[in-house]
Amino acid sequence: MNYPYVTEFRQSLVEWFNVEKRDLPWRHTTDPYKIWVSEVMLQQTRVDTVIPYYNRFMESFPTLELLAEAPQEYLLKHWEGLGYYSRARNLQAGVREVLENYGGVVPDNRHEISKLKGVGPYTAGAILSIAYNKPEHAVDGNVMRVLSRVLNIHEDIAVPKTKKIFEAAVEELIDPENTSSFNQGLMELGALICTPTSPKCLLCPVREYCTAFNEGEPEKLPIKSKKVKMKHISYDVLVCQDDKGRILLEQRSAEGLLANLWQFPMLEHGKDSIDTFINEYAMNVQPKQELLTFKHVFSHLTWHINSYFMKCNSAVKGEWLTHEQIELLPMSVPMLKIWQEIKD
DNA sequence: AAGTCGGGGCT
DNA sequence: AGCCCAGACTT
C-alpha cells in the first residue's frame, strides 16, 4: 500500500511534536537504559503517575549496574503503588541479561532487544527509535487510536493480530530522519489531542490528512470489542499486635497477583477460618476491633476487605516486625491503606 | 486467542 | 460503572 501525503504528514507531526511536546524527565536523555526504564513504567500507566516514580528510581538506580545489584525488596519498594509488579522483576532480569550477554550495552536491534525479559514489541520499538534513532515501529494504544482515525481502520483492536496492521502502517509512515520524534509524536498526539472521547481535532496538526476527521466522526474509532468479567473475593485482614508492639506480616507467593509483596494476614471469607488461624499461631487474642471496610478494584477482580485490629500474645511463629521494619517492606495499596489507618 | 497482572483518573 | 492508560507474559 502507498499512502498519499506521507511527506506532509511526517513533517506536520514531527514539527508539532517538537514545539508542543511536554517537558518530561525521560526526555532529557537518550541513555538506552533510562529510556528502557521509562517505557516499562509507562506500560498501561499514565505519564503523570510515572513521573515521581521515574525520578525516585533514577536517584537510587542511575545505572544499569546499580539496578542489577539491587535487592529485590528494595527494588519493589520503589515500585510500590505503581502496579504490575512483574514489570520490576522482569526489568531487573533484563538488565542482568544485558550485563551478562551484551557487555552492559543495551542491544540496538529488534532481534536481540526483544529477547530481554519484559521487552515486548512496543518497548523494543520505543527504545530503538528513541534511544538509537532506528526506524522501528512502536505501536501502543495511543498509536492504534490515532492511526485508526487517520487511516480509517475499522479492525477490532481488541483482537491481537490487528496490531500487525498498525505496525505495517507505521513502517510505511515513519519518518526515517526523525524516528524518535515521529513515534513519540504519534503517542503525544494520542495523549493530548486525539483522545478517546472528544478529540480536539481543531488543534490537530494532521487533521487535513485524517480520514475520520474529514468524514466527521473520529470519536467512533477505534473499534474495540471485549469486556472482561469481574470476579469478586472477600477477605478478612487481621492486624495482630503482640505485647512488644510488633505486628504480624506475611509475604505473598513469588508468583501470581502482587507477587512477593508483604501483607497483613488475609483470610478468604467463607474459606479460611479465623479460629484455625489463631490456633496455628498459638495466640491468645483479645476481642478484635474493627478497622477499615473497603473495596479494592483490580483489572480483573475486586477485593472486598474487612480489616480488624487485635492484640495478641504467646505467638510462636510468623514474622513479627517493628514499625520501622514494616516501613521498609513493599506492600500493595490496600495494605498501605490499612497500615496508614493503624498509624493514625 | 483468552486470561492474568495494579492502580488511578476520567466520563 | 465502565473505560483507558507509552503492554507483556502465560497457557
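In this predicted model, residues 41–192 form a span that is 64% helix and 0% strand. The C-alpha atoms at the two ends of this span lie 19 Å apart. An unreviewed UniProt entry annotates residues 41–192 as "domain: HhH-GPD".

DNA strand B is surrounded by 23 residues. The closest are Thr45, Tyr84, Tyr85, Leu258 and Ser299. Of the atoms of DNA strand B that come within 4 Å of the protein, 61% belong to sugar and phosphate. The residues of the surface near the strand comprise eight nonpolar, ten polar and five charged.

Individual polar contacts to DNA strand B involve both bases and phosphate. At glutamine 44, a backbone N or O atom lies 2.9 Å from a base nitrogen of the strand. At leucine 82, a backbone N or O atom is placed 3.4 Å from a base nitrogen of DNA strand B. Lysine 231 uses its side chain instead: an N or O atom there is 3.1 Å from a phosphate oxygen of the strand.

Glutamate 80 was examined next. This residue sits in the loop that runs between helix H5 (72–79) and helix H6 (86–101). Glutamate 80 counts as buried because its relative accessibility is 15%, below the 20% limit. Its side chain has a polar atom 2.9 Å from the backbone nitrogen of methionine 331. Neighbours within four places in sequence aside, glutamate 80 is in contact with Tyr53, Tyr85, Leu329, Pro330, Met331 and Leu336. One of these, Tyr85, is also among the closest residues to DNA strand B.

The cysteines were then checked for disulfides. The count comes to zero. For cysteine 201, the closest cysteine sulfur is that of cysteine 210. The two sulfurs are 6.3 Å apart, so they are too far from each other for a bond. Cysteine 201 has a relative accessible area of 17% and is therefore buried. For cysteine 312, the closest cysteine sulfur belongs to cysteine 240. Here the separation is 4.1 Å, which is again too far for a bond, because a disulfide requires sulfur atoms within 2.5 Å. Cysteine 312 is buried as well, at 4% relative accessibility.

Technical notes
Residues are numbered from 1 along each chain as its sequence is written. Chains are lettered from A and ligands numbered from 1 in the order in which they are written. This is a predicted model: local features need pLDDT of at least 70, side-chain atom pairs count only at pLDDT 80 or more; totals for chains, interfaces and linings use all residues. Side-chain values use heavy atoms; hydrogens and water are left out. Helices (H or I, at least four residues) and strands (E, at least two) are DSSP runs, numbered from the N terminus. Buried means under 20% relative accessible area, exposed over 50%, partly exposed in between (1.4 Å probe, protein chains only). A polar contact is a pair of N or O atoms within 3.5 Å; within protein, one must be able to donate a hydrogen and the other to accept it, and residues adjacent in sequence count only if both atoms are side-chain atoms. Contact means heavy atoms within 4.5 Å. A residue is near a molecule or strand if one of its heavy atoms lies within 4 Å of it. Ala, Val, Leu, Ile, Met, Phe, Trp, Tyr, Cys and Pro count as nonpolar, Asp, Glu, Lys and Arg as charged, and the others, Gly among them, as polar. UniProt positions are given in the numbering used here, feature names are shortened, and annotations may be inferred rather than shown by experiment.
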